[in-house]
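Q: Could you take a close look at one charged side chain in this model and what sits around it? After that, walk me through the other side-chain pairings.

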Amino acid sequence: ASVRVQGYDPKGQAVDFVASGWEARLLQQANDVLDGVNFIDRCIMRSLCHLDARNDPLPSDCPVLGTYNSRPARPALSAEELSAAESGGSKGMLGFLPSFVQPSVLLIGSLLLRLPAKEVTDFSASEVEESSKELRNALESGEHPLGLAAPQFGKGLRIVAIGETQDAIDRLTTRAQISEEHRVFKTTILVNPKVTPKPGTSDAYFFERSASVPGYEAVVGRALEVEVEGFNEEGRAVSFDAK
């Protein structure tokens with residue numbers, strides 16, 4: 001790919017040339033910043049990854065790296081790649097470290113976070129109990145308040161946990177506490193959850209963050225009220241409205 005570049009050098013002399021290849025790419029990226037645009041504004045969000053997870057393969061819906069006149073289809077993930085991700089071995093360059101010094105959650109770009117989690121069919125399985133306990137402990141420790149999901153801990157299961165303590169609320173600004181309507185509620189484990197916006201509900205836009213994307217937050221729009229169905233960790237059906 002090539003681009004035409006026009007401007008002035010530091011001495012005020014006019015320049016006009018065609019840049020190609022890597023030079024063209026660098027010029028486009030730098031020029032974007034002058035217009036208030038960063039690479040993250042142009043990137044394929046499904047490809048965004050923490051550097052510690054950059055060795056994980058990209059999901060199949062991302063384009064193949066390279067130069068093309070039309071976007072080629074990415075080959076399906078191999079059985080080996082899927083097995084590595086589903087076994088929780090998808091921790092990028094830090095995967096070789098002992099478990100006690102690995103990241104406590106998988107970082108964005110880890111393949112397991114890009115794959116649909118599997119529905120739980122056997123509620124008595126040890127992995128369901130282990131995952132539920134791990135999520136509960138993480139929330140109640142205060143290290144990862146608000147909400148977590150099993151894939152973030154290397155388990156490809158449809159299990160989530162939500163909860164908010166008074167300590168977590170006290171760390172927020174008064175404005176955030178009021179505008180986002182924070183309140184204390186006990187840790188809730190949901191298995192195979194189905195979350196559906198309530199008919200006629202409004203959308204609310206607030207900052208969100210994730211333990212898998214440390215150090216960043218962004219504005220996300222969510223339904224203000226939702227209908228929730230699923231099972232608790234013991235396999236009993238639950239349903240309720242959440243706001």
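A: Let's start with Arg114, which is buried yet has no salt bridge. The nearest side chain of opposite charge belongs to Asp61, and that is 7.3 Å away. Keep in mind that this is a predicted model. A salt bridge here needs a side-chain nitrogen of Lys or Arg within 4 Å of a carboxyl oxygen of Asp or Glu, so Asp61 at 7.3 Å doesn't qualify as a partner for Arg114.

What does Arg114 have instead? Backbone oxygens: the side chain of Arg114 reaches that of Leu48 at 2.7 Å, and a polar atom of the same side chain lies 2.8 Å from the backbone oxygen of Arg46. Arg114 itself is placed in the loop between H3 and H4. Setting aside neighbours within four places in sequence, its contacts are Met45, Arg46, Ser47, Leu48, Pro59, Ile108 and Gly109. Arg46 and Leu48, the residues that offer those oxygens, are in that contact list too.

The loop between helix H3 (79-86) and helix H4 (126-140) also holds Phe123. The structure has one aromatic pair. It is made by Phe123 and Phe231, with ring centres 5.4 Å apart and planes at 55°, so the pair counts as tilted. Phe231 belongs to strand E8 (residues 226-231), which puts the two partners 108 residues apart and makes this a link between distant parts of the chain. Both rings have some exposure: Phe123 is partly exposed at a relative accessible area of 25%, and Phe231 is partly exposed at 29%.

Now for charges that do pair up. The count comes to ten salt bridges, and a few of them are worth a walk-through. In helix H4, Glu140 and Arg136 meet in a salt bridge at 4.0 Å, N to O. These two are four residues apart in that helix, so about one helical turn separates them. Glu140 is partly exposed, with a relative accessible area of 48%, and Arg136 is partly exposed as well, at 24%.

Arg136 has another partner, Glu233, with the closest N and O atoms 2.4 Å apart. Glu233 sits in the loop between E8 and strand E9 (237-242) while Arg136 is in helix H4, so this pair ties together parts that are 97 residues apart in sequence. Glu233 is also partly exposed, at 28% relative accessibility.

Glu208 and Arg222 form a salt bridge too, at 2.7 Å between the closest N and O atoms. This one goes from strand E6 (residues 203-208), where Glu208 lies, to strand E7 (residues 218-223), where you'll find Arg222, 14 residues along the chain. Glu208 is partly exposed, with a relative accessible area of 28%. As for shared partners, Arg136, Glu140 and Glu233 are joined by their salt bridges into one network.

Last, the cysteines. The disulfide count is zero. Cys43 is in no disulfide, and the nearest cysteine sulfur, in Cys62, is 9.6 Å away. Cys62 is also the closest for Cys49: their sulfurs are 9.8 Å apart, too far for a bond. Cys49 is partly exposed, at a relative accessible area of 33%.

Key: Residues are numbered from 1 along each chain as its sequence is written. This is a predicted model: local features need pLDDT of at least 70, side-chain atom pairs count only at pLDDT 80 or more; totals for chains, interfaces and linings use all residues. Side-chain values use heavy atoms; hydrogens and water are left out. Rings of Phe, Tyr and Trp (its six-membered ring) pair if their centres lie within 6.5 Å; planes under 30 degrees apart count as stacked, over 60 as edge-to-face and the rest as tilted. Buried means under 20% relative accessible area, exposed over 50%, partly exposed in between (1.4 Å probe, protein chains only). Lys and Arg count as positive and Asp and Glu as negative; His and the chain ends are not counted. A polar contact is a pair of N or O atoms within 3.5 Å; within protein, one must be able to donate a hydrogen and the other to accept it, and residues adjacent in sequence count only if both atoms are side-chain atoms. Contact means heavy atoms within 4.5 Å. A disulfide is a pair of cysteine sulfur atoms within 2.5 Å.
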